[in-house]
Amino acid sequence: MYMRRIIISISLILNALLLPVNLMGQQLLWDVDLKFGFDNREYASLTTSPSGTIFGAMLSPKVGLGFGEGHAVYAGVDATRYFGKSAPALMFDYLLYYQYDGERFKVNAGAFPRKRMTGYYPEAFFDDRFFFDGSLEGALLSYTGNYWRMEGAVDWVGLMDEDTREQFLVYSYGCFGVSWLSLSYSFMMNHYANTSSFSGGVVDNVWLYPHLTSDVSEFLPQRMTLALRAGWMQTFQNDRYRKQGYVLPGGFQGEVEFGYYGFGVRNTVYAGKNLMPFYGTEDIEGNPYGSGLYYGDVFYSTDSGIYNRLEISYKYDFRDFLSLKVASVHHYDGYGWGWQQLIQLVVNLNNFQFPVKSKADTPRPHHR
């Protein structure tokens, strides 16, 4: 039944788009993504983060109409199936968006694929569970210069009603310099507001990670990579309901990543205060803020002053359309160790070829 709904939806979109294809300067476009993910977390000896398993697949077919030079409109769907979950058997997120790809600028507006964001956002901002969060609802703008690039996006995730908080997130990433040394920043703001049934309980949650980046891979033997990041993670948080003012937890973070023929070792160490002080705090109705307020890895809520993440992985890329990653991730929260196993398969098929991609437009690889 669900597959029939997908086929009917795609057929209607195709029929609507094929009518004007013969008009001057228009082009029929399509894009299909498939994600398969296994994420098993064994944290029984820890209290900072719970154990659990996320196992599933997501199919994202999209069709569009290209016009002008780099302009397009798309419609599609993210159909997600979490294995072992009986109801609903499939979950749908519908995509409707405008897209522009220029030599310097890239623009999206509507409900569009999250993969359009190409900046670096650390695990403190996004946990691995966002592997299956395939879309943003809002807008994105990015610009690439000769020695710098910047992107900004807004994602409206909650429309205020009786049970849902009004909530939106703002993201930004920028870097200036050359590959072997650049100054970068990662930014996220989560405005966590009210439902229509009560007022109060608004929480402002702002994260900023200015850091230095150095990728010296070009100076190493072929297929060997080495990159380092180091900076200060700073947050600005205010629970307006409690009227206690802003709290400003922060700390140092250092990252090193080494790769050779697809095998990789990546270690991240954070030393500082608990970055999620309101994680267990309850709102006016007794509901904890939890993962609704904090989207990052819960290990950053440790009060030990130290968190270390060690990832040992193998990644295989085939002809730019298939990517397989297998990883063993080890977490230390200052009190004990936890073990996470990851398998992530991504298949990306698309036919849009305009504009011709320049080196400046090629997304830089990152962990997500």
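In the predicted model, Arg 114 counts as buried because its relative accessibility is 8%, below the 20% limit for that class. Its salt-bridge partner is Asp 133, with the closest N and O atoms 3.0 Å apart. Asp 133, in contrast to a buried residue, has a relative accessibility of 26% and therefore counts as partly exposed. Both Asp 133 and Arg 114 lie in the loop between E5 and E6, so the pair ties together parts that are 19 residues apart in sequence.

A further salt bridge involving this loop is formed by Asp 101 and Arg 116, whose closest N and O atoms are 3.1 Å apart. Asp 101 lies in strand E4 (residues 91–101), whereas Arg 116 belongs to the loop between strand E5 (105–113) and strand E6 (135–144), so this pair ties together parts that are 15 residues apart in sequence. Both Asp 101 and Arg 116 are buried.

The loop between E5 and E6 also supplies Asp 128, which forms a salt bridge with Arg 309 at a closest N to O separation of 3.5 Å. This pair links distant parts of the chain, since Arg 309 is placed in strand E14 (residues 306–318), 181 residues away from Asp 128. Asp 128 is buried, with a relative accessible area of 16%, and Arg 309, at 1% relative accessibility, likewise counts as buried. Asp 128 and Arg 309 also belong to a network of salt bridges, in which they are linked with Glu 123, Glu 255, Arg 266, Glu 311 and Lys 325. Across the model the count comes to 16 salt bridges. Side chains of opposite charge can pair when their charged atoms come close.

Strand E4, which holds Asp 101, is paired with strands on either side of it in the numbering. With strand E3 (residues 71–82), E4 pairs in the antiparallel sense over 10 bridges, and within this pairing Ala 79 stands opposite Phe 92 in E4. E4 and E5 are also antiparallel, pairing over 6 bridges, with Leu 96 opposite Ala 111 in E5. E4 and E5 together form a hairpin, in which 3 residues separate the two strands.

Strand E11 (residues 224–239) contains Gln 237, a residue that is buried with a relative accessible area of 0%. Leaving aside residues up to four places away in sequence, Gln 237 touches Asp 204, Asn 205, Gly 245, Tyr 246, Val 247, Pro 249, Leu 275, Pro 277, Phe 278 and Tyr 294. For one of these, Pro 249, which lies 12 residues from Gln 237 along the chain, the separation of the C-alpha atoms is 8.4 Å. The side chain of Gln 237 also makes a polar contact with the side chain of Thr 235, at 3.0 Å.

Gln 234 is likewise placed in strand E11, and its relative accessibility of 18% is under the 20% cut-off, so Gln 234 counts as buried. A polar contact of 2.9 Å joins the side chain of Gln 234 to that of Trp 232. Beyond residues up to four places away in sequence, Gln 234 touches Val 206, Trp 207, Leu 208, Leu 248, Pro 249 and Gly 250. Pro 249 is thus touched by Gln 237 and by Gln 234.

On the surface, a nonpolar patch is formed by Tyr 147, Trp 148, Met 150, Phe 176, Val 178, Trp 180, Leu 181, Leu 183, Leu 212 and Phe 219, which together have about 1100 Å² of accessible area. The elements that give two or more residues to this patch are strand E7 (148–158), strand E8 (167–178) and strand E9 (181–192). Trp 148, a member of the patch, is found in strand E7 and counts as partly exposed, its relative accessibility being 37%.

For the protein chain as a whole, 2 helices and 16 strands are assigned. Buried residues make up 45% of the 368 residues, and the chain exposes about 18700 Å², of which carbon and sulfur atoms supply 62%. Among contacts between residues at least 6 apart in sequence, 58% join residues at least 24 apart.

Key:
Residues are numbered from 1 along each chain as its sequence is written. This is a predicted model: local features need pLDDT of at least 70, side-chain atom pairs count only at pLDDT 80 or more; totals for chains, interfaces and linings use all residues. Side-chain values use heavy atoms; hydrogens and water are left out. Helices (H or I, at least four residues) and strands (E, at least two) are DSSP runs, numbered from the N terminus. Buried means under 20% relative accessible area, exposed over 50%, partly exposed in between (1.4 Å probe, protein chains only). Contact means heavy atoms within 4.5 Å. A polar contact is a pair of N or O atoms within 3.5 Å; within protein, one must be able to donate a hydrogen and the other to accept it, and residues adjacent in sequence count only if both atoms are side-chain atoms. Accessible areas come from the Shrake-Rupley method with a 1.4 Å probe; for residues, only the protein chains shown count as cover. Patches are made of residues with over 30% relative accessible area and no salt bridge: like charges are joined within 9 Å, nonpolar side chains (Val, Leu, Ile, Met, Phe, Trp, Tyr) within 5 Å. A salt bridge is a side-chain nitrogen of Lys or Arg within 4 Å of a carboxyl oxygen of Asp or Glu. Two strands pair if DSSP finds at least two bridges between them.
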